[in-house]
Amino acid sequence: MDTLQDGETRLITFAQHGDVDAFNLLALKYQDMLFRISSRLINDECAAEDAAQNALIQAFQNIRSFRGGSFKSWLARVAVNASYDELRRMGRHSSYPLEPINQDGQEIESPEWMTDPSAGPEDRAENNELQQALHRCIRSLIPDYRLMVILVDIEGMSYEEAARAARVPVGTVKSRLARARMQLRDSLQKFGTMLPAVYRAEVPAYSHV
């Protein structure tokens, strides 16, 4: 683990000195995360791709400003900013559909990030309706709450990493996440044990429904 971290630190140092190949290796490692964050904030595949690409460009241009700590959360912050820039450019804050769509404007039936990885094909098919409900509920959260769910519950960041990505205190991350989870619990309680295990763990009340 330390070796992997040391290797990333060396790549960052090389990239800060203008080594494009070193930055490209970092980009390969994190580009999927950048796209996931952008797509969940923007909810449009084509626009999310643009935002993720812009995030990589901005990251390379500003990598010298990185002063240590979690590079993952630093990049996540760049992706969040690029996504909000894209939303402002498009002027579609209030007009985004609740269902995810691809670059052809077609609804994505079953978002991969909503799928319980432990479930088999049949279970995944049966849970399609639940997945769509989860997506709607997360999309209905106010932006500050939705961002905490994306960073912590979906991307698996620690509170400290999420705080750095969102540029808020750790206490704010915890309080916003708690409120977001409570709202999701209230919205999803009717689904009870149909919820994936990860959601039942976060929301114990579901087991009693």
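A residue counts as partly exposed when its relative accessible area lies between the 20% under which it would be buried and the 50% over which it would be exposed. With that scale in mind, the tour below runs through a predicted model.

Begin with the cysteines by selecting C46, which is partly exposed because its relative accessible area is 36%. Then select C137, whose relative accessible area of 13% makes this residue buried. If you go on to look for sulfur–sulfur links, a search of the whole structure finds zero disulfides.

Next, turn to the charged side chains, among which the count comes to eight salt bridges. Select R40 and E155 together, and you will find their side chains meeting in a salt bridge with an N to O distance of 2.7 Å. R40 belongs to helix α2 (residues 20–42), whereas E155 sits in the loop between α7 (143–154) and α8 (159–166), so this contact ties together parts that are 115 residues apart in sequence. Both R40 and E155 are buried. Adding R36 to the selection shows a network of salt bridges that links R36, R40 and E155.

From there, move to D144 and R176, which form a salt bridge whose closest N and O atoms are 3.8 Å apart. Since D144 lies in helix α7 and R176 in helix α9 (residues 170–188), the pair ties together parts that are 32 residues apart in sequence. D144 itself, with a relative accessible area of 36%, is partly exposed.

Keep helices α7 and α9 in view and select R181 with D153, a salt bridge in which the closest N and O atoms are 2.6 Å apart. Here R181 is in helix α9 and D153 in helix α7, and the pair links distant parts of the chain, 28 residues apart. The two partners fall into separate classes of accessibility, R181 counting as buried at 19%, while D153 counts as partly exposed at 28%.

Finish with the aromatic rings, for which the count comes to five aromatic pairs. Select F66 and W74, whose ring centres are 5.8 Å apart and whose planes stand at 65 degrees, so the pair is edge-to-face, the cut-off for that class being over 60 degrees. F66 is buried, as is W74. To see the wider arrangement around these two residues, extend the selection to Y30 and F71, since ring pairs link Y30, F66, F71 and W74 into a cluster.

How values were computed. Residues numbered from 1 in each chain as written. Predicted model: local features only at pLDDT ≥ 70, side-chain atom pairs only at ≥ 80, totals over all residues. Heavy atoms only, no water. Salt bridge = Lys/Arg side-chain N within 4 Å of Asp/Glu carboxyl O. Helix = DSSP H or I, 4+ residues; strand = E, 2+ residues; numbered from the N terminus. Buried < 20%, exposed > 50% of the residue type's maximum accessible area, 1.4 Å probe, protein only. Disulfide = S-S within 2.5 Å. Phe/Tyr/Trp six-rings, centres within 6.5 Å; stacked < 30°, edge-to-face > 60°.
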